[in-house]
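Good morning, and thank you for coming. I shall present one structure this morning, beginning with how its helices pack and then turning to individual residues.

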Amino acid sequence: MVLQCLAVFESEGGTAELGPAHTALAEIESRLQHFQEAVRHGSAALRFGYATVQPEACSIGHFNLAIYLTETDNAPEVSLAHRLASVVIFYQANDGRWSEFVRTLREDLNKVPPAVVSASFDDLCRIVEQTEGVHLDRKSTRLNSSHLGI
């Protein structure tokens with residue numbers, strides 16, 4: 001059913017609906033332990049979150065993608081960078097749930113050697129922007145501007 005919805009959204013140009021459809025497919029694939037497919041759909045969901053300037057969708061997309069990447073052969077710094085991006089976006093959006101994300105980030109940080117952690121925001125952006133359509137540096141600026149009413 002979700003695949004049928006996805007086909008309709010694609011044919012009708014429903015950009016806002018494509019993100020949630022890919023998110024649902026990523027979750028289904030993850031539960032089936034098809035993690036490469038989960039990464040593919042999670043990346044697409046994240047791309048549509050950025051395209052439609054939805055901070056919550058972007059933050060959750062980074063958070064979920066980090067989970068799927070952890071289950072694949074990707075480098076741990078990529079998964080960790082997506083987790084960090086999720087926390088940054090939630091914090092900048094002044095979302096009260098960001099503390100939950102920080103707790104998960106802390107758990108992730110305890111699982112990796114210190115050398116894996118991005119040394120700067122530019123490094124973080126460089127890593128997460130390897131995902132097509134992700135522009136964390138611009139998203140960060142837009143979030144700050146909208147949060148401040150600029």
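Before the first packing angle, a definition is needed: the axes I refer to are lines fitted to C-alpha atoms, for helices over the stretch in contact, and the angles run from 0 to 180 degrees between N-to-C directions. With that in mind, the axes of α4 and α5 cross at roughly 160° and come within 8 Å. Please also keep in mind that this is a predicted model.

How are α4 and α5 oriented to each other? Angles over 145 degrees count as roughly antiparallel, and α4 and α5 are therefore roughly antiparallel. The crossing in which α4 passes α5 is left-handed. On the α4 side, the contact is made by P55, E56, C58, S59, I60, H62, F63, L65, A66, I67, L69 and T70. On the α5 side, the residues are V78, S79, H82, R83, A85, S86, I89 and F90. Sorted by class, this contact of α4 with α5 holds twelve nonpolar residues, six polar and two charged.

Let us now consider the other packing of α4. Helix α3, residues 35-51, packs with helix α4, residues 55-70, at an angle of about 165°, and their axes are 9 Å apart. By the cut-off just given, α3 and α4 are therefore roughly antiparallel to each other. Here too the crossing is left-handed, as α3 passes α4. From α3, the contact involves F35, A38, V39, G42, S43, L46, G49 and Y50. From α4, A57, C58, G61, H62, L65, Y68 and L69 take part. The contact of α3 with α4 is made up of ten nonpolar and five polar residues, with no charged ones.

I turn to individual residues, beginning with H62, which is found in helix α4. Is H62 buried or exposed? Its relative accessible area is 0%, so H62 is buried. Leaving out residues up to four places away in sequence, H62 touches L46, Y50, H82, R83, A85, S86, I89, V128 and V134.

One of those partners, H82, is found in helix α5, residues 76-92. H82 has 1% relative accessibility and therefore counts as buried. Again not counting residues up to four places away in sequence, H82 touches L46, H62, F63, L65, A66, L69, V128 and T131. With which residue does the side chain of H82 make a polar contact? The partner is the side chain of T131, at 3.4 Å. H82 and I67 are 15 residues apart in sequence, and their C-alpha atoms are 9.1 Å apart in space.

My last residue is D108, which lies in helix α6, residues 98-109. Buried means under 20% relative accessible area; D108, at 15% relative accessibility, therefore counts as buried. Setting aside its neighbours within four places in sequence, D108 is in contact with L80 and R83. D108 and L84 are 24 residues apart along the chain, and their C-alpha atoms are separated by 9.8 Å.

That concludes my presentation, and I thank you for your attention.

Key. Residues numbered from 1 in each chain as written. Predicted model: local features only at pLDDT ≥ 70, side-chain atom pairs only at ≥ 80, totals over all residues. Heavy atoms only, no water. Helix = DSSP H or I, 4+ residues; strand = E, 2+ residues; numbered from the N terminus. Buried < 20%, exposed > 50% of the residue type's maximum accessible area, 1.4 Å probe, protein only. Contact = heavy atoms within 4.5 Å. Parallel < 35°, antiparallel > 145°, perpendicular 65-115°, else oblique. Left-handed = near helix turned anticlockwise from the far one by under 90°. Nonpolar A, V, L, I, M, F, W, Y, C, P; charged D, E, K, R; others polar. Polar contact = N/O pair within 3.5 Å; in protein donor to acceptor, adjacent residues only side chain to side chain.
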